[in-house]
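Please open the structure in your viewer and keep the selection panel at hand. The tour goes from one selection to the next and says what is there.

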Amino acid sequence: MNKFLIYTVKIIVITALVAVVLDGLYTAVFMQSRNRGKVETVFNSEAKKYDVVILGSSRANNHFVAQMFEDKGLKAFNYGMSGGHLFEASLMLKLMIERKYVIKNVILEADLNLSGEKKAEGIAALFLPYIHNSETIKKHFENEKDFYELYYIPFYRYIKYDGKIGFRETFFTAIHKKTSMLDNLGYYPLLKTKGANMKNDIVNLNPLPHNKYYEEIKSLCKANNINFIAVMTPMCENVKGMDYFDKVKKAYPEILNYENAVVEDKYFSSCGHMNDTGAKLFTARIINDFFVKK
Amino acid sequence: MFFNSLAFAVFLPIVFFLYWFVFNKTKSTQNALLIIASYYFYSCWDWRFLFLLVFSTFLDYYTGIQIEKGKSEKSRKFWFWLSIIVNLGFLGIFKYYNFFAASFSELLGSAGIQASPILLNVILPVGISFYTFHGLSYVIDIYYKRIKAEYNFVDYSLFVSYFPLLVAGPIERATHLLPQVKVKREFDFQVAKEGIYQIIWGLVKKVVIADTCAIYANAIFDHYTSMNSFSLILGAIYFAFQIYGDFSGYSDIALGVSKLFGLDLLRNFNYPYFSRDIAEFWRRWHISLSSWFRDYLYIPLGGSKGGLWMKIRNTFIIFVVSGFWHGANWTYVVWGFINAVYFLPLLLSNSNRNNMDAIQLKFNFDSVKVLLSILYTFSLTCIAWVFFRAKSITDAVQYLKRMITSKDFSFQYLDNERYSYELLLMIGLFVLVEWNNRNKIEPLSGKSSLLKLALAIAAILALGTYSDYKEFIYFQF
């Protein structure tokens, strides 16, 4: 039995060593990534200057045509992340500030995402390779209930989120395989999809009165002299519980309601996402309202 | 509690410690602990089904004794048929009742008679097909006086409920397992080490091969109408490796875990995809079920004795019943039927026992023939697997039809944002490792075992699929 116990200990030690080596290897790969996604690009970048930085979820990613800002002479990038929540938007801004980005304006899409403070598992995972290399990321995750496992168990984060930062992603990162994430200055255009769901039910959705990460973004902008523009972006015609946007307005008077800036379904790819034409109309309106001297 | 779960990683060492350090005085204490552990393990799915398991155990225990004690043939027959009917009755109600009720209603509907069947709102108790077959083999063996009835209820209960085999086999025989639980087990380092190798290799098969293949197979099968020939061929291959990795991986873990407790279970898989014909495939795939059907259905039906038609009839019966055992769906029945059709030429030409020897390859034409026959047999199994995997027979037929008619062999991007061909390298590597170790139970033992172990652990950690977790396929049967 003693022999077996020693053998078992050996296996445990081997497993721990393998996990440490794999952790180091994967992290090293992500540390040199530059062209796969927005998180890696920001993390591995140096100081940049922007007139406009766009943050938010897919409703930012698919709605703000960054090139239209550039055409007006404004240096812009759409850092909206599909599937992301305010947890990730806030962390993204923190990383930019840590890397000494000089930003004049932040446009934050703040509407449906105000209803929760939870992290978006799949998007938050993209920051995890750097958790040991960034105090900012570490601190941002510190209050999460799985922080200790993610931080202290070697390779655990790569196992837990293998679909996002597992072997396949690491391999493609290592060979510098490009994605379309950074194309169009971060804006991802959607097409008009036939038979798309043009109904949405947000009756049960309520904005949190003091969303922690929204307030965090607001404070960060204030502390760094960044002009903060928070907007609600359009939704299709057939939405139940449209008073959600009124509730947001009540809780956060500074957030501007652009829900009706584009209304017809022909401008939507799905109920919550405009197509490229709709996005262009909407972006034109935003540029006109905030960046055209009158 | 799945074998590849964190809960099991905690459960197993605790039971191991208690078994060898606290309850190690006698075989009775060892067996008592294993029963408690097994019942706890089973109740983790649904504690209510524990009553069914205990009832089934008690039924076979009691009827077994009554059959042995029976003074007249009439009395022996009564207890024998009572056990068979109740056992199959439970299986029928839980597993097949809704299927038959719905099929009957459809049949009436096609004849213009409207009927709304009374369906039962029950979930299938996990492992019921396996422990029912345990019990049946035990009672049948007693009836035919092949074995003596077990009078120790604890020992018998352990034979039926032993946790490594409880939910997905292997389907044990009383002649093999009962004698082992009748004696006190002594710890054997070499056996336990073999157990560890099997557990780790089983995990490689499950989380690296099966669960990763599942991602691609699902994406292809679920959208087969938009897939081209190449993707559909790959889909069938991926599913073949998914089901192999899943079930043989489970069996390896079960056998390995059991070795840690000093109990040897029947081998369930013997590198089936290296078979040279379908008969050999069925001698290597789910061996405990194939041999069960051979011994308790095929042979009692007359086996290969009698005329040609009798042989053909018996072959079709065991394959179709075997298919139906897997689940209450016509797709499984057709899968069984197709395998019977594959088997038929071998039966008619009396060549179903041609490939009994181990495969040896040399640099000659015969070896090329062997490799081609392996490839041919694998292709046949892949076609049959399409029926096993598809939601309906129509889907399976359409899948195969499209595979031939699409004639497009370009690389396709799947709905899950992966290319259909991505897994080929990993599968190729896996096949190579298994091929080179086909004469061993698993590839990790032997020379440089510690290094191979480290590589297997690295594969489990780095290449395993965790976020898209899949239950063991055979748990649903």
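What follows moves from a strand-rich part of one chain to a helix, a chain contact and a nonpolar core.

This is a predicted model, in which local features need pLDDT of at least 70 and side-chain atom pairs count only at pLDDT 80 or more, while totals for chains, interfaces and linings use all residues. Residues are numbered from 1 along each chain as its sequence is written, and chains are lettered from A and ligands numbered from 1 in the order in which they are written.

**The sheet of chain A**

Select the strands of chain A in the order β2-β1-β3-β5-β7, and you have an open sheet of five strands with parallel pairing; strands here are DSSP runs of E of at least two residues, helices are runs of H or I of at least four, and both are numbered from the N terminus. Two strands count as paired if DSSP finds at least two bridges between them. At the edges lie β2 (76–78) and β7 (256–257) of chain A, each of which pairs on one side only.

Begin at β1 (49–55) of chain A, which is joined to β2(A) by three bridges, and look for Val53(A) opposite Phe77(A). Next, take β3 (102–109) and β5 (227–232) of chain A, which run parallel and are joined by five bridges; here Val106(A) stands opposite Phe228(A). Finally, β5(A) pairs with β7(A) over two bridges, and Met232(A) has Asn257(A) as its bridge partner.

**The N-terminal helix and the chain contact**

Now select residues 6–29 of chain A, where an unreviewed UniProt entry places a "transmembrane region"; such annotations may be inferred rather than shown by experiment. This stretch is 100% helix and 0% strand, with its end C-alpha atoms 35 Å apart.

Then show both chains: 17 residues of chain A are in contact with 17 residues of chain B, contact meaning that C-beta atoms, placed from the backbone, lie within 7 Å. On the chain A side, α1 (2–31), α9 (156–160) and α10 (162–165) each supply at least two residues, and α1(A) gives the largest share, nine residues.

**A nonpolar core**

Which residues touch the most other members of the largest nonpolar core? Select Leu55(A), Val106(A), Ile200(B), Ile220(B) and Tyr238(B), out of 201 residues. Such a core is a set of buried Ala, Val, Leu, Ile, Met, Phe, Trp, Tyr and Cys residues joined through C-beta atoms within 7 Å, buried meaning that 20 or more other C-beta atoms lie within 10 Å of the residue's own. Helix α9 (189–222) of chain B gives the most to this core, with 20 residues.

Notes
Two residues are in contact if their C-beta atoms, placed from the backbone, lie within 7 Å. A residue is buried if 20 or more other C-beta atoms lie within 10 Å of its own, exposed if 12 or fewer, and partly exposed in between; C-beta atoms are placed from the backbone.
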